[in-house]
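Let's walk through this structure together, going from the whole chain down to single residues. Keep the viewer open as you read.

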Amino acid sequence: MSKTDNNNAPWHRLKRASTPGKATVLAIGKAFPSQLIPQEYLVEGYIRDTKCQDVSIKEKLERLCKTTTVKTRYTVMCKEILEKYPELATEGSSTIKQRLEIANPAVVEMALQASLACIKEWGRPATDITHIIYVSSSEIRLPGGDLYLATQLGLRNDVNRVMLYFLGCYGGATGLRVAKDIAENNPGSRILLTTSETTILGFRPPNKARPYDLVGAALFGDGAAAVVIGTDPVTGKESPFMELNYAVQQFLPGTQNVIDGCLTEQGINFKLGRDLPQKIEDNIEAFCRKLMSKASLTEFNDLFWAVHPGGPAILNRLENSLKLKEGKLECSRRALKDYGNVSSNTIFYVMEYMREELKREGGEEWGLALAFGPGITFEGILLRSL
C-alpha cells in the first residue's frame, strides 16, 4: 500500500506548480437543505401539494421527470412550509412577501454551511478572508445576504463585499471570473465565493398557460456551494487544486428573450425558448476556441470538461457538436443526476467531482469550465489542474 498525502494521492503523484500571480481554487464546500426528494416520488408529491386534478399535466410531468435524468434533489420546500403558507399552492395568490420570508434566511443558512465546510478544508481562519462574493437569484433585500453571511462567519468588518444577484445559471462562473480579477489585482488577498439557491420563489401550481413551470418542477433543486480563491498559495498551509488561467464572458446579441425571467407578486416566472440548445450549439465551438487559444490548445478531447448541466439536451448538443469522447461530460451528468440543476451552484458540484477524476493517473492538465444563462450569456474559464 503506497503512502499518501492529505489529498489521498500517492506520493509519486507530484502536484503541478501554480503559475505565479494566477488565481487558484484553494478549497471547496457544499451544503443542502435537509429534505431529499428521490425523483420517482416527486410527481405524486407535487400533484398532491398543489391539489392538481388535471391528469394530462400529471402525465406530462412524469415524462419530464424521466427525460431530465435527475435521480435525487434537495429542497427547502416541505410539508411544514405548505401548512404555514397554504397560499403558495393557490393559483394567483400574491405571495412574494411570504416567499421572501422563507427564501431570505434559507439561502443564507445554506451559504453559511457551505462556507464553513469550505473554510474548514482551506485550513486557515475565517478572519484571513479579505473579500466575499455572494451569488444568488433566490433572495431580495437590503442589506443583502452577503452582510448576514459575513457577520455569521465572523469575518472582519472591513472585508470587501460584492453581491451578484439574478444572474441565473451562469452566476457561479461569473463569480469565479470576478474572484479571479480581485485575487490577481490584490496580491495576498483571499476571496470567499459563495452561491446559494432555492426554488421557493418559483414554486406554484401547474398551469397549462405556463408550460415551463413543469420543466422547473422536474429539473431544479436547492443548495449552496463555496470556494476560496487566491494567488501564490502558501506552501504547507494551502492546497490549490485548480488554476483559473483565463476567463471570458460573452452574450449572443438578440437572444435576451430566449431565457426570460420576470418577478411578479406571485413569485418569479420563467420562460425558456425551445431554441436554447440550438443557440448554444451554434456558438459554442468558437467560444471554446477563444479560451483554448490562450494556451495554444487545439484538440477538444485533450481537455477535461466542467460544464454547467442546464439539462441533458444542452449536454448532448455540446457533446455532439464538439465530437467529445464518451465520458468527457460524465462529471456534469453526475452532478445533474445527484442534485438536479441548482442554478449558480451546479458548476461547483461538477468541479468537485472533476477534482477526484483528475487525481487518476494520466489526468488532463488543461480544461474548460462553461456555464450558460439569461442573455443568452456564455461564461467560460480556461482551467489548469494542479
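Take the contacts between residues at least 6 apart in sequence: 80% of them join residues at least 24 apart. Bear in mind as you look around that this is a predicted model. The protein chain holds 11 helices and 13 strands. Its radius of gyration is 21 Å, close to the 21 Å that the globule rule gives for 386 residues, so the chain is as compact as a globular protein of that length. Along the principal axes, the C-alpha trace spans about 60 × 50 × 50 Å. As for burial, 56% of the 386 residues in the chain are buried.

UniProt, in an unreviewed entry, lists residues 16-233 as "domain: Chalcone/stilbene synthase N-terminal". In the model, that stretch is 41% helix and 21% strand, and its end C-alpha atoms sit 12 Å apart.

Now for the strands. An open sheet of 9 strands runs in the order β5-β4-β6-β7-β1-β8-β13-β12-β11, and its pairing is mixed. At the edges you'll find β5 (160-165) and β11 (304-307), each of which pairs on one side only. From one strand to the next, the twist averages 25 degrees. Further in, β8 (residues 242-251) and β13 (residues 377-385) pair in the antiparallel sense, over 9 bridges. If you want a specific spot to look at, try Q249, whose bridge partner in β13 is E379.

A helix lies across several of these strands. Helix α11 (residues 346-357) crosses β1 (23-31), β6 (191-197), β7 (223-231), β11 and β12 (366-373), and it runs at about 155 degrees to β11.

For a close-up, pick I28, which is found in strand β1. Is I28 buried or exposed? At 4% relative accessibility, I28 counts as buried. Leaving aside residues up to four places away in sequence, I28 touches C118, E121, A226, V227, F241, F348, E352 and R355. One of those partners, F241, is 213 residues from I28 along the chain, yet the C-alpha atoms of the two are separated by 9.8 Å.

Next, the cysteines. UniProt's unreviewed entry places the feature "active site" at C169. In the model, C169 lies in the loop between β5 and α6 (171-185). With a relative accessibility of 17%, C169 counts as buried. Its contacts, not counting residues up to four places away in sequence, are F220, H308, N341, S343, S344, A371, F372 and P374.

How many disulfides are there? The count comes to 0. C65 is in no disulfide, and the nearest cysteine sulfur, that of C52, is 13 Å away. C65 is also buried, at 7% relative accessibility. Why is C262 not bonded to C169? Their sulfurs are 18 Å apart, which is too far for a bond, even though C169 has the closest cysteine sulfur to that of C262. C262 is partly exposed, with a relative accessible area of 39%.

Finally, there are some backbone details to check by eye. The peptide bond from L142 to P143 is cis, with omega near -5 degrees. P143 sits in the loop between β4 (131-136) and α5 (145-153). The bond from G375 to I376 is cis too, with omega near -25 degrees. This I376 is found in the loop between β12 and β13.

Two residues are worth a look for their phi values. K51 has a positive phi of about 55 degrees although it is not a glycine. You'll find K51 in the loop between α1 (39-49) and α2 (55-67), and at 64% relative accessibility K51 counts as exposed. S296, another residue other than glycine, has a positive phi near 55 degrees. Its place is in the loop between α8 (276-292) and β11, where S296 is exposed, with a relative accessible area of 67%.

Technical notes:
Residues are numbered from 1 along each chain as its sequence is written. This is a predicted model: local features need pLDDT of at least 70, side-chain atom pairs count only at pLDDT 80 or more; totals for chains, interfaces and linings use all residues. Side-chain values use heavy atoms; hydrogens and water are left out. A disulfide is a pair of cysteine sulfur atoms within 2.5 Å. Buried means under 20% relative accessible area, exposed over 50%, partly exposed in between (1.4 Å probe, protein chains only). Two strands pair if DSSP finds at least two bridges between them. Helices (H or I, at least four residues) and strands (E, at least two) are DSSP runs, numbered from the N terminus. Axes are lines fitted to C-alpha atoms, for helices over the stretch in contact, and angles run from 0 to 180 degrees between N-to-C directions. Contact means heavy atoms within 4.5 Å. UniProt positions are given in the numbering used here, feature names are shortened, and annotations may be inferred rather than shown by experiment. The radius of gyration is taken over C-alpha atoms; the globule rule is 2.2 Å times the number of residues to the power 0.38.
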